[in-house]
Amino acid sequence: SKFNALQRKLHQMAFKFNSCMQQYDSRLADADARITGCEVNISEQLNHATSKFATSAAKHYNSVTEYASQTFAKFQSNINDYTEKVLATQRSKIMDMHTA
């Protein structure tokens, strides 16, 4: 009879242990699913932010490139205009020297 009681007690303990392990496995699976969801969300947010940054950087690069190109074109035009004025003045002085 003591042996049967001990056997029942061990059986109950084994059942409780098995139930506890099942709950642990279930909680672990739930936590893993939540962590995986967070990882996916973080990854999506990082991809979105990276894409947004790349687009913004490309726009700024294009704006700076366009500004630099326009500035260089204006500078070149101003240099050409100035050179033509100086040459015209020098030609005029040379012509005046030849006619005098």
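Charge is a good place to start with this predicted model. The chain carries 12 positive and 9 negative side chains. The centres of these two sets do not coincide: they lie 17 Å apart.

**Overall form**

What does the secondary structure of the chain come to? The tally is 1 helix and 0 strands. That helix, helix 1, covers residues 2-99.

The dimensions tell you how the chain is laid out. Along its principal axes, the C-alpha trace spans about 145 × 15 × 5 Å. The radius of gyration of the chain is 43 Å, whereas a compact globule of 100 residues would have one near 13 Å.

You can follow this along the helix with two pairs of residues. Q7 is placed in helix 1, and its C-alpha atom is separated by 131 Å from that of D96, which is 89 residues away along the chain. A31 is found in helix 1 too. Between the C-alpha atoms of A31 and F17, 14 residues apart along the chain, the separation is 21 Å.

**Surface and exposure**

How much of the chain counts as buried? The share is 0% of the 100 residues. The accessible surface of the chain comes to about 9,600 Å², and 62% of this belongs to carbon and sulfur atoms.

Part of the surface forms a nonpolar patch of about 430 Å². Its members are F17, M21, Y24 and L28. Of these, L28 also appears in the table below, where its relative accessibility is 47%.

Here are three residues of helix 1 with their exposure:

| Residue | Relative accessibility | Class |
|---|---|---|
| L28 | 47% | partly exposed |
| Q7 | 45% | partly exposed |
| A31 | 23% | partly exposed |

Why does A31 count as partly exposed? Its relative accessibility is 23%, and buried means under 20%, exposed over 50%, with partly exposed in between. The value for A31 falls between those two limits, so this residue is classed as partly exposed. L28, at 47%, is therefore partly exposed as well. Q7 gets its label because its relative accessibility is 45%.

Definitions and conventions: Residues numbered from 1 in each chain as written. Predicted model: local features only at pLDDT ≥ 70, side-chain atom pairs only at ≥ 80, totals over all residues. Heavy atoms only, no water. Helix = DSSP H or I, 4+ residues; strand = E, 2+ residues; numbered from the N terminus. Rg over C-alpha atoms; globule rule 2.2 N^0.38 Å. Buried < 20%, exposed > 50% of the residue type's maximum accessible area, 1.4 Å probe, protein only. Areas by Shrake-Rupley, 256 points an atom, 1.4 Å probe, with all protein chains shown as cover. Lys, Arg positive; Asp, Glu negative; His and termini not counted. Charge placed at Lys NZ, Arg CZ, Asp CG, Glu CD. Patch = residues over 30% accessible without salt bridge, like charges linked within 9 Å, V, L, I, M, F, W, Y side chains within 5 Å. Salt bridge = Lys/Arg side-chain N within 4 Å of Asp/Glu carboxyl O.
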